[in-house]
Amino acid sequence: MFPSSGDYCQVMTPRHIPGLVDLGLDARLARMVLEALGLEPSAELTDLVAGGLSALEVALTSGHDELFEDFLGFQTARLSALKVSHVDTRDVAHAIGRQVAAQGASPGAVEDLVDRCLARRAGDEDTHGVGPTPLCPLARAYLGRVLAVDREQARELVASALSDGTDLGDILVDVLEAAQREVGRLWELGEISVAQEHYCTAVTQMVMADLYPYLFTGRDRRRHLVAVHAPGSLHEVGLRMVVDLLEHEGWGTTYLGAASSVEDLLANVAEQHADIVAISASMPGQVSAVRSMIGHLRADPRSAHARIIVGGRPFLVAPALGKAVGADGTASDARSTVALCERLVGAHDAAH
Ligand code: B12
């Protein structure tokens, strides 16, 4: 969380993003990297390297190495899953670096960043947002049923946990989110297919819809949050969880989804008298769009009153990035987002 009213802080040194430079890093450049490495430019490898170019660009211009470090973990696992064994992940990282430098970035700064990230990444596991919880056995059983293509049993497991009194926030974060992350890990390692990942996500969304009767608690809904994705963000489950849990906690919410224009966002914030706007991003390349959305929200008299929170993978791996893009706070999951929102409106009430 960030200091919005001076009372709390989790940020190290706040760093300003000096306008994220658009170096035009696209599939064409990704193919050039692959060619230089002597690799066949398959769709999967091209996507992978394009993601790396984008992650490195944003890490470089924002000063947040974590974004490229996170990408490197993903790259290493994917290269192995795609059976690209004759080229080392370090060589790919350096080739990505050379392409970014060729687009106008300082070669020395790029090389230093790549070296720092490679050194830190060695032997490091992706532990962002995960950890053992008392609901691990349920999460494991749930995912087991989903991977066995037994969605009815998977739904039943969650339904009976709820009727036994398990907290809804715990179900969302410790069961469904944990299962989604594990699905990601298995896909990353090549142990399940994209089709299996799609199926698991669809079942998780179905289970979230099953939770609807438990969401609307009939509290007064004095507070309102408008939620939106950064353009291009296709990871919708996380923000939906945030919105659903806030509804459960008595907030009014409007979920605008992934393709809303800035004008629609501003109009909605005004119409709903929203206290808070939540913006979710899933890839480093979406961070500059988040910053631009925040600029519009702050500058427009219809929305200038609202507090703004950001979240999703880039902010999970680099929490201080939220402050750098101009947000009032970030949180790592749906449960902590409820606490963050309560805190932000509480601080606002105290000041007026
Ligand atoms: C399902 C999935 C997809 C689905 C999404 C379907 C859908 N309808 O949502 C699809 C197939 C579309 C997809 C696409 C891609 N994906 Co994907 N995906 C996943 C996966 C497996 C699960 C996502 C999920 O549901 N997570 C569970 C939710 C609950 O977690 P969450 O999103 O982090 O949200 C929580 C917090 O972040 C926070 N939060 C989220 N938003 C907000 C907002 C605010 C304001 C706040 C305060 C908090 C907050 O609270 C949430 C709830 O607790 C993840 C694995 C993972 N570790 O998440 C990969 C993952 C995120 N994907 C990844 C990648 C690379 C991609 C693609 C680039 C793949 C490709 N080559 O096409 C594309 C990019 C799409 C895009 N432009 O956004 C990578 C990122 C790797 C990296 N280190 O950069 C991951 C980690 C790969 C992996 N290991 O599985 N993906």
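A crossing of two helices is called right-handed if the near helix is turned clockwise from the far one by less than a right angle, and left-handed if anticlockwise. In this predicted model, both kinds involve helix H3, which spans residues 66-81: H3 passes H4 in a right-handed crossing, and H2 passes H3 in a left-handed one.

Take the pair H2 and H3 to begin with. The axis of H2 (residues 43-62) comes within 8 Å of that of H3, and the two cross at roughly 165°. Angles over 145 degrees count as roughly antiparallel, so H2 is roughly antiparallel to H3. On the H2 side the contact includes Leu45, Leu48, Gly51, Gly52, Ala55 and Ala59, and on the H3 side Phe68, Phe71, Phe74 and Leu79 are among the residues met. By class, the residues of this contact are eleven nonpolar, four polar and two charged.

H3 also packs with helix H4 (residues 89-102), where the axes come within 10 Å and cross at roughly 130°. That angle makes H3 oblique to H4. Phe68, Phe71, Leu72, Gln75, Thr76 and Leu79 of H3 make this contact with Thr89, Val92, Ala93 and Ile96 of H4. Seven of the residues are nonpolar and three polar, with no charged residue. Phe68, Phe71, Gln75 and Leu79 of H3 thus serve in the contact with H2 as well as in the contact with H4.

The remaining feature is a metal site. His235 is the only protein donor of the cobalt atom of the ligand, through NE2 at 2.2 Å. His235 is in the loop that runs between strand E1 (224-229) and helix H11 (237-248).

How values were computed. Residues are numbered from 1 along each chain as its sequence is written. This is a predicted model: local features need pLDDT of at least 70, side-chain atom pairs count only at pLDDT 80 or more; totals for chains, interfaces and linings use all residues. Side-chain values use heavy atoms; hydrogens and water are left out. Axes are lines fitted to C-alpha atoms, for helices over the stretch in contact, and angles run from 0 to 180 degrees between N-to-C directions. Helices (H or I, at least four residues) and strands (E, at least two) are DSSP runs, numbered from the N terminus. Angles under 35 degrees count as roughly parallel, over 145 as roughly antiparallel, 65 to 115 as roughly perpendicular and the rest as oblique. Contact means heavy atoms within 4.5 Å. Ala, Val, Leu, Ile, Met, Phe, Trp, Tyr, Cys and Pro count as nonpolar, Asp, Glu, Lys and Arg as charged, and the others, Gly among them, as polar. Donors are N, O and S atoms within 2.8 Å of the metal (3.2 Å for Na, K and Ca); water is not among the atoms, so sites may look incomplete.
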